[in-house]
Amino acid sequence: MPDAARVIVVGGGHAGIEAAHAAARLGARVVLLTQNAATIGTMSCNPAVGGTGKGQLVRELDALGGVMALGADAAGLMFQTLNLGKGEAVRSPRVQCDKHAYRRVMRASCESRPGLTVVEGEAAAVWTDGSGLRGVTLTDGSRLEARCVVLTTGTFLNGLAHTGLRSAPAGRAGEAPSVGLSASLRGLGLEVGRLKTGTPPRLDGRTVDWSKLRRQDGDAPPQPLSFRTARLEVEQLPCWLTRTTEATHAVIRSAFDRSPLFTGAIKASGPRYCPSVEDKVSRFPDKDGHRVFLEPEGRDTPEVYANGLSTSLPEDAQAALVATVPGLERAVILRHGYAIEYDFCPPDQLTPGLETKAVARLFLAGQINGTTGYEEAAAQGLVAGVNAARAAAGEAPVLWDRAESYLGVMVDDLVTKGVDEPYRMFTARAENRLRLRADNADLRLMPRAFALGLLPESLLPAFERYREAVETGVVRGGMGPWTEEKARAQRATIAAYAHYIAREEKAAAARRGWESVALPADADWRRAGSLGTEALQKLARVRPRTLGQAARIPGLTPADVQSLWVLTRAS
């Protein structure tokens with residue numbers, strides 16, 4: 001173990017993996033600190049990567065040298081492009097994965113990465129002294145020293161799992177929570193809040209009557225998620241569709257008095273776009289059914305993920321409701337669903353580089369920032385890892401514009417607007433989504449990745465040949481993982497959307513005018529005179545870098561933004 005690692009990454013989930021890899025790729029000596037090395041890359045919820053908006057994030061992550069897409073390609077069970085009947089702007093790749101294979105691939109990638117050392121242990125506190133950040137203190141009292149620390153704690157911060165009226169401390173099923181870090185963060189001046197998420201029961205596929213379900217197959221041929229995967233040789237497994245019934249809803253309503261959601265045991269906000277089944281029944285009493293997708297969890301396991309049945313009802317109620325769903329009448333539950341509450345740090349306490357404003361060189365990524373989903377976490381991990389490595393080397397942070405990537409949209413949304421529920425990426429969040437497509441993330445972001453050192457130089461010649469083929473229509477020799485067919489398809493898409501993209505570019509150019517107006521970090525906005533108390537409080541908390549960012553702060557009016565502009569012109 002390095003005595004003084006330049007970067008410590010706490011947590012071996014999806015954010016931690018990408019943070020550790022990114023920092024190591026940039027030359028930092030990295031320690032990935034995890035409670036259990038065997039759980040690196042665990043898919044705690046649905047073993048799938050991608051989806052609407054999320055697939056765009058993963059493609060961008062891949063274009064920047066991330067490992068999530070490569071792992072999904074290696075462990076993929078079913079490959080889909082969602083929204084194929086719609087325009088390219090909203091088409092999103094998704095891969096159903098073998099959760100055991102994915103975990104093995106991710107762990108191996110960490111253990112084989114030069115400059116990255118996996119250390120088992122639990123962080124109890126962020127270690128600081130009069131000189132600032134020093135590293136982390138472990139629960140056994142020992143310390144790891146580093147120039148920078150990245151916290152990627154997932155749902156482990158004071159995690160509390162609920163099943164019916166029973167609750168127990170847990171980071172996820174079967175694993176202990178982290179109980180010291182939240183107090184440490186509060187002691188450093190960070191605000192800590194509470195959020196909630198949940199998971200459905202896992203079923204024994206050998207007890208499902210598949211003849212009553214509608215089959216869904218993957219794309220033929222399957223398309224890789226990673227730009228760096230030349231082609232896939234994989235036997236795909238299907239997913240299956242069924243629906244809840246009125247009988248299901250009756251079972252759920254009869255158990256409301258034992259649901260932690262309705263008894264008040266759960267007080268934190270959950271993800272609005274991924275509600276529990278009891279929440280759906282309560283909010284939509286007139287609906288006679290809700291879709292349930294049965295998705296395999298691996299090639300060598302009978303476990304099936306019941307997507308759409310996320311629940312924290314008691315175990316007997318879960319068994320009863322499952323038995324009312326067509327095809328699941330005799331299904332055996334291998335693992336019951338549960339809800340989990342956990343601590344997070346409101347992300348408007350961060351800079352756009354995901355560094356805390358309260359403590360220099362301390363970075364946060366993933367669910368600790370109020371997001372939900374593997375993809376959002378992984379993309380933040382890359383941002384934090386890159387900037388931790390650069391801060392450790394005394395270099396300026398790398399920032400991402402919302403006009404150039406979904407990654408930039410997400411980070412800007414988080415640090416500017418904060419969250420009041422778990423944040424999920426959607427295509428609708430990106431005002432430039434015609435340009436920010438999943439199919440062109442390589443063209444948009446790989447040049448920057450090569451310049452930063454996030455991708456191997458050996459890949460550059462093939463990428464340049466591909467880019468030239470897209471721009472000119474002339475193909476020079478082989479293009480490695482890129483094909484002539486892909487270049488032609490990209491040219492056709494660009495031509496088809498040229499008019500709309502030009503209109504989008506014009507709007508983006510107008511917005512960039514405000515983005516170019518820098519705001520001083522130490523400005524005394526009270527001098528503006530016309531700014532109200534709420535505006536002053538929000539400006540002090542977010543500390544916007546530009547007039548454009550200030551305009552996106554919830555609660556600031558157009559008149560407030562005009563006052564800021566006048567003040568910058570006068571100074």
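This is a short tour of a sheet, two helix pairs and a salt bridge in the structure above. The model you have open is a predicted one.

**Stop 1: the sheet**

Start by selecting strands 14 to 19. Here 6 strands make up an open sheet, and reading across it gives the order 15-16-17-18-14-19. The pairing is antiparallel. Now colour strand 15 (214–216) and strand 19 (333–335): these two stand at the edges, and each has a single partner strand, so one side of each is left without a neighbour in the sheet. Turn the view a little and follow the twist, which averages 35° from one strand to the next.

Stay at the edge formed by strand 15 and add strand 16, residues 239–243. The two strands pair in the antiparallel sense over 3 bridges. Which residue of strand 16 stands opposite Gln 216? Show the side chains and you will find Cys 239 there.

**Stop 2: helices 2 and 3**

Next, select residues 54–63 for helix 2 and residues 68–75 for helix 3. Their axes come within 7 Å and cross at roughly 110°. Angles of 65 to 115 degrees count as roughly perpendicular, and the two helices are therefore roughly perpendicular to each other. To see where they meet, show Val 58, Leu 61 and Asp 62 in helix 2 together with Met 68, Ala 69 and Leu 70 in helix 3. Sorted by class, this contact has 5 nonpolar residues, no polar ones and 1 charged.

**Stop 3: a link from helix 2**

Keep helix 2 on screen and pick Lys 54. What does Glu 375 form with Lys 54? The two form a salt bridge, with their closest N and O atoms 3.3 Å apart. This pair links distant parts of the chain, since Glu 375 lies in helix 10 (residues 374–392) and Lys 54 in helix 2, 321 residues apart. If you would like to hunt for others, a search of the whole structure finds 39 salt bridges.

**Stop 4: helices 12 and 13**

Finally, select residues 441–452, which are helix 12, and residues 460–472, which are helix 13. The axes of this pair come within 11 Å and cross at roughly 145°. The crossing is left-handed. On the helix 12 side, show Asp 442, Leu 443, Met 446, Pro 447 and Phe 450. Facing them from helix 13 are Leu 460, Phe 463, Tyr 466, Arg 467 and Val 470, which complete the contact. The residues of this contact divide into 8 nonpolar, no polar and 2 charged.

Technical notes:
Residues numbered from 1 in each chain as written. Predicted model: local features only at pLDDT ≥ 70, side-chain atom pairs only at ≥ 80, totals over all residues. Heavy atoms only, no water. Pairing = 2+ DSSP bridges. Helix = DSSP H or I, 4+ residues; strand = E, 2+ residues; numbered from the N terminus. Axes fitted to C-alpha atoms, helices over the stretch in contact; angles between N-to-C directions. Left-handed = near helix turned anticlockwise from the far one by under 90°. Contact = heavy atoms within 4.5 Å. Nonpolar A, V, L, I, M, F, W, Y, C, P; charged D, E, K, R; others polar. Parallel < 35°, antiparallel > 145°, perpendicular 65-115°, else oblique. Salt bridge = Lys/Arg side-chain N within 4 Å of Asp/Glu carboxyl O.
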